[in-house]
Amino acid sequence: MIEEELINVPAHTEDFTPFPSASNRKSWESLQETSKQRILDTAKRTSDTRYPYLSASSYMEFSKSGDRVHFEKLYFEKRRKLNAAVLAQCILHDQAYLDDIVDGIYSICEETGWQLPAHNSYIRDTPQEILPDPNRPVLDLFACETGALLATLRTLLKSELDNISPLIVQRIDENLQQRIITPYLTMHFWWMGNGEEPMCNWTPWCTQNVLLAIFSLPTSEAIRHTSIAQAAYSLDCFLKDYGNDGCCNEGAQYYRHAALCLLGSLEILNAVTKGAFSSVYKEEKIRNMVSYIMRVHAQGPYFINFGDCSPLAGLCGSREYLFAKRTDNQELRNFALYQYHQDLAESRDLPQEINLTYRLLALFLEREMEESSPLPFPKGDIYFPSTGLLVSRDETYVLSVKAGGNGDSHNHNDTGSFILYKKGNPLLIDIGVESYTKRTFSPERYGIWTMQSSFHNVTNFSSFSQEAGKTFCASNVKVQLEENPTIQMELKGVYPKEAEIHSYIRQVSHRKNTGIQINDTVETASTAVLTLMSAELPKILEDKIALGNLGIIQINPWPQPGDISIEKIPITDERLRITWPDKIYRILIRYEQSISLQII
């Protein structure tokens, strides 16, 4: 799709300069006063702190204990501090932050490697090297993000840095050449694509930031054209794994690293080639990929989440708004504006973001977005055949059912599971994933409780739960969206053969403005146990289960004494606590042959 447009690339390319330099005072002074003050306040809070030192021992923590948090916290803190100083300097345009910026540049350039410890390997899915090799840079997500940060900083402040010493920009250029451009042109990293090998969000995420670095520097036309061709190939490798419906099998939280970084890559390619790739925006698959985030919105701040995603995937803002404009998508424009106006003002300039380009985009689109009123956007039902995902809505409920398989990127063994929101609150949930550790992306992944089907809203059998892999998938999936949306599937294929499940048919119906009907029917010698996960305190009554004051589960036939149990699960992980209270609950219901639930 994208490689086809290479014939339109002109012989001479342009530099990528999407934002005005700090010396363009009119542009910077035109920004919203409240936004400028927020940025100055943030920069002031961090101005008296030192840039974190990233020691070799902290880098090695990952290989020793599997901990990712300690090193990464320092790593990202350094880049956020530099971002804040750069933006404050552009706003004030005096000498206040220049020394701090130079310190940040040199601190980052003095790091032995820019790749995270968890990504420090040269071949996909192989053990990580204990320490980075400065002679063999690894282009991971955040090495590329770091390159983009320095390249953007260079564009904004080159004249101011040159007035101090030309050696500063020279240092940036040398590091970008050695750590980003040369590896990209001379080495193959798995995310660059290789035929039918599956790609993921890494491909557009890395590609976007590499392109930003290459086209921000005075690189040669040979380098630029080679990079454009490589980027087009990589992005097509990424696109091949998407269905025409545009569904992201990595989930809502990865949409911004996947679809939006794809569009970010196109933004750069079009800017430097005078629109050679502009026709790609009109492709149905691209338009559906952009719209995906709107279609998987649940209620309030929540999104449908399966796999490693959190239901708090982040509100839409300037990036979604920009690409709604690029693709002439009025529905997404209205959705992005709606969510933008729901966000807290202090979050709109993305103070936690390490990508300086995203922060600049938020700043320079803010006035337009503030003055634009959100209009109604569609909240209809949808089925994504490429992933087997159904989403159904009414004024009270949002239901989602997954009927795909267990071979997704960031997969959990959760085929057939469902999520239910009621009146803006999560009723039956997908827990998501704990803080990443060495174990998360290792052969031990499915030993982690959050990855297992026994902690998702699906039936399991005796000691058998679902298995991971593309071959473990639903079959005979039938969907109807009219009136009361219903999905039915055969799930025996997602469990191991040793479980001897002859059939497990699940049917889920959304009876609009009435409730949800779940019917499970099994043929097996194993004991069937239905799991239901809830953030609301369950209470077993005479003939039903109350979920706090939010919902009721009616069961037919009502289980025998002892066939229902409730487990309390403490939530202590920092990442999970962002979304969930200090405890959630697992309801276990043993049944024979069939069970029917009415959830109201």
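The following questions and answers concern selected local features of a predicted model.

User: How are the axes of helix H5 and helix H6 oriented to each other, and at what angle do they cross?

Analyst: Helix H5 covers residues 98–109 and helix H6 covers residues 141–164, and their axes come within 11 Å. H5 passes H6 in a left-handed crossing. Angles between 115 and 145 degrees fall outside the perpendicular and antiparallel ranges and count as oblique, and H5 and H6 are therefore oblique to each other, with a crossing angle of roughly 135°.

User: Which residues of H5 and H6 meet, and how many of them are nonpolar, polar and charged?

Analyst: From H5, the residues in contact are Leu98, Ile101, Val102, Ile105, Ile108 and Cys109. Their partners in H6 are Thr146, Leu149, Leu150, Leu153, Leu157, Glu160, Leu161 and Ile164. By class, this contact of H5 with H6 has 12 nonpolar, 1 polar and 1 charged residues.

User: At what angle do helix H7 and helix H9 pack, and what is the handedness of their crossing?

Analyst: Helix H7 is made of residues 166–186 and helix H9 of residues 221–239, and their axes lie 11 Å apart. The angle at which H7 and H9 pack is about 65°, and their crossing is left-handed.

User: Which residues form the contact between H7 and H9, and how many charged residues does that contact have?

Analyst: On the H7 side the contact involves Ile181, Tyr184 and Leu185, which meet Ile223, Thr226, Ser227, Gln230 and Ala231 in H9. Sorted by class, the contact of H7 with H9 has 5 nonpolar and 3 polar residues, and the number of charged residues is none.

User: How many disulfides does a search of the whole structure find, and why is there no bond from Cys237 or Cys316 to the closest cysteine?

Analyst: Cys237 is buried, with a relative accessible area of 5%, and its sulfur is 12 Å from the closest cysteine sulfur, that of Cys200, which is too far for a bond. Cys316 is likewise buried, at a relative accessible area of 3%, and its sulfur is 13 Å from the closest cysteine sulfur, in Cys248, again too far for a bond. A disulfide requires sulfur atoms within 2.5 Å, and the number of disulfides found in the whole structure is 0.

User: Is helix H13 largely enclosed or not, and which helices do its buried residues pack against?

Analyst: In H13, 7 of the 9 residues are buried, so the helix is largely enclosed by the rest of the structure. The buried residues are Ser318, Arg319, Glu320, Tyr321, Leu322, Phe323 and Ala324. These residues pack against helices H8, H10, H11, H12, H14 and H15.

User: Where does Asp328 lie, is it buried or exposed, and what is its phi?

Analyst: Asp328 lies in the loop between helix H13 (318–326) and helix H14 (330–342), and with a relative accessible area of 54% it is exposed. Most residues other than glycine have a negative phi. Asp328, by contrast, has a positive phi, near 55°.

User: In which strand does Asn476 lie, is it buried or exposed, and what is its phi?

Analyst: Asn476 lies in strand S9, which covers residues 475–480. At 58% relative accessibility, Asn476 counts as exposed. This residue, which is not a glycine, has a positive phi near 50°.

User: Which residues does the cis peptide bond join, and what is its omega?

Analyst: Most peptide bonds are trans. A cis bond is nonetheless present in the model, with Pro557 placed in the loop between strand S16 (551–556) and strand S17 (564–570). The residues joined by this cis bond are Asn556 and Pro557, and omega is about -5°.

User: Is Ile569 buried or exposed, which residues does it touch, and how far is its C-alpha atom from that of Ile584?

Analyst: Ile569 is in strand S17 and is buried, with a relative accessible area of 10%. Leaving aside residues up to four places away in sequence, Ile569 touches Trp449, Phe455, Met533, Asp582, Lys583, Ile584 and Arg586. Ile569 and Ile584 are 15 residues apart along the chain, and their C-alpha atoms are separated by 5.3 Å.

Note on methods. Residues numbered from 1 in each chain as written. Predicted model: local features only at pLDDT ≥ 70, side-chain atom pairs only at ≥ 80, totals over all residues. Heavy atoms only, no water. Axes fitted to C-alpha atoms, helices over the stretch in contact; angles between N-to-C directions. Helix = DSSP H or I, 4+ residues; strand = E, 2+ residues; numbered from the N terminus. Parallel < 35°, antiparallel > 145°, perpendicular 65-115°, else oblique. Left-handed = near helix turned anticlockwise from the far one by under 90°. Contact = heavy atoms within 4.5 Å. Nonpolar A, V, L, I, M, F, W, Y, C, P; charged D, E, K, R; others polar. Buried < 20%, exposed > 50% of the residue type's maximum accessible area, 1.4 Å probe, protein only.
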